[in-house]
Amino acid sequence: MRFFGFLPFPGEVEVMAGGGFFGSLTETVEAPGQWLVLVTGLFAAAVSTGTFAFLTSEKDLLIGRANVLGTVFHEGGHALASVVTGGGVYRIAITGADSGATWSWTPSPWSRTLTSVAGYAMPSLAGLGAAGLLRHGYAPAVLALTTLVMVLVLVVTRDLITFVAVVALGMVTFTVWRTAPGWVQNAVAYGEAWLLLTSEIGGLAALVSNRVRHGLRHHTDDAAGLAELTSIPAFVWIAGWFVVIGWALEKAVPLLWP
């Protein structure tokens, strides 16, 4: 975040309204300039590109590791869908910036289907929700809600790697939410919104690329699981996720651009 400290900014912005978690949901900060929105958007695009490069060639680009935020929301999407359809969650594990797993129980085929579908859909939908809040200046609310998500994921964390990743993300959002000036809150919240909106593009593109190059069988990803569960081909589910991401981006970009 120190990078933004060297960029021109027309003065500090004070956060308005009361403190505390619920108070943060109504606090506002002044809208950012176009440079901040552009820089955070380009950063998210670079992260998605790094994710694609790693998943298709195993070339580990450091910037791609920021995709861990999308991975947490992906696994959180599986967990949330399981819970709201009458099931529950045993454990969430983040095994890398671009990989994770959720162990859950589901009471019906419909619940299992929705739980599988929710993973790739959740980050972009969460990003759209963040964009809606940011349009009205609610950067503190985005940070507070993200901190809450990390706390909830921590409840079902059982391994050190996941613990470190989730705590690190939560500490960043909590610290910025509670102590940072408005422009820094905007920088982190807008960066998060862009990351969530784009986080699954690289992963899905790599999934398609790997299927084309290595064949369509013997895959164990969400699309393969859904194909086995529903008899609907995996490419239909992949196309559907791309549609959801594209729709979320179409709706979110006008909300994020000042």
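**Exercise 1. Contact range and overall make-up**

Determine what share of the contacts in the protein chain between residues at least 6 apart in sequence joins residues at least 24 apart.

*Solution.* Step 1: take the contacts between residues at least 6 apart in sequence; 72% of them join residues at least 24 apart. Step 2: set this beside the make-up of the predicted model, in which the protein chain holds nine helices and two strands. Step 3: read the order from the N terminus, which is α-α-α-β-β-α-α-α-α-α-α. Step 4: add the burial, for which 47% of the 258 residues qualify.

**Exercise 2. Confidence**

State the average pLDDT of the protein chain and the percentage of residues that score at least 70.

*Solution.* Step 1: the average is 87, and 90% of the residues score at least 70. Step 2: turn to residues 1-18, where the pLDDT is below 50. In the model this stretch has 31 contacts beyond near neighbours in sequence.

**Exercise 3. The packing of α3 against α4**

Describe how helix α3 and helix α4 cross, and identify which residues meet.

*Solution.* Step 1: choose the descriptors. A pair of packed helices is characterised by the angle and the distance between the two axes. Step 2: apply them to α3 (residues 68-84) and α4 (residues 109-135), whose axes come within 7 Å and cross at roughly 140 degrees. Step 3: assign the hand, which is right-handed for the crossing of α3 and α4. Step 4: list the partners. From α3, the residues include Gly70, Phe73, His74, Gly77 and His78; those they meet in α4 include Ser111, Leu114, Thr115, Ala118 and Met122. Step 5: classify the residues of this contact, which divide into nine nonpolar, nine polar and no charged.

**Exercise 4. Length, burial and ends of α2 and α3**

Compare the end-to-end span of α2 and of α3 with the span expected at 1.5 Å a residue.

*Solution.* Step 1: for α2 (residues 34-57), the 24 residues should span 34 Å at 1.5 Å a residue; the end C-alpha atoms are 34 Å apart, so the two values agree. Step 2: for α3, the 17 residues reach 24 Å from the first C-alpha to the last, close to the 24 Å expected. Step 3: consider burial. In α3, 13 of the 17 residues are buried, and the helix is mostly covered. The buried residues of α2 include Leu36, Val37, Thr40, Gly41 and Ala44. Step 4: inspect what follows each helix. Glu58, just after α2, takes a positive phi of about 60 degrees, while Gly86, which follows α3, has a positive phi near 95 degrees.

**Exercise 5. Two residues of α6 and one loop residue**

Classify Met171, Phe174 and Ser231 as buried, partly exposed or exposed.

*Solution.* Step 1: Met171 lies in helix α6 (residues 160-179). Its relative accessible area is 48%, under the 50% cut-off for exposed, so Met171 is partly exposed. Step 2: Phe174 is also placed in α6, and with a relative accessible area of 39% Phe174 is likewise partly exposed. Step 3: locate partners distant in sequence. Met171 and Thr147 are 24 residues apart in sequence, with their C-alpha atoms 7.7 Å apart. Phe174 and Ala144 are 30 residues apart along the chain, and 6.8 Å separates their C-alpha atoms. Step 4: Ser231 belongs to the loop between α8 (222-230) and α9 (234-256). At 67% relative accessibility, Ser231 is over the 50% cut-off and therefore counts as exposed. Step 5: note the backbone of Ser231, whose phi is positive, about 65 degrees, although the residue is not a glycine.

Note on methods: Residues numbered from 1 in each chain as written. Predicted model: local features only at pLDDT ≥ 70, side-chain atom pairs only at ≥ 80, totals over all residues. Heavy atoms only, no water. Axes fitted to C-alpha atoms, helices over the stretch in contact; angles between N-to-C directions. Helix = DSSP H or I, 4+ residues; strand = E, 2+ residues; numbered from the N terminus. Left-handed = near helix turned anticlockwise from the far one by under 90°. Contact = heavy atoms within 4.5 Å. Nonpolar A, V, L, I, M, F, W, Y, C, P; charged D, E, K, R; others polar. Expected span 1.5 Å × (residues − 1). Buried < 20%, exposed > 50% of the residue type's maximum accessible area, 1.4 Å probe, protein only. pLDDT = per-residue confidence, 0-100.
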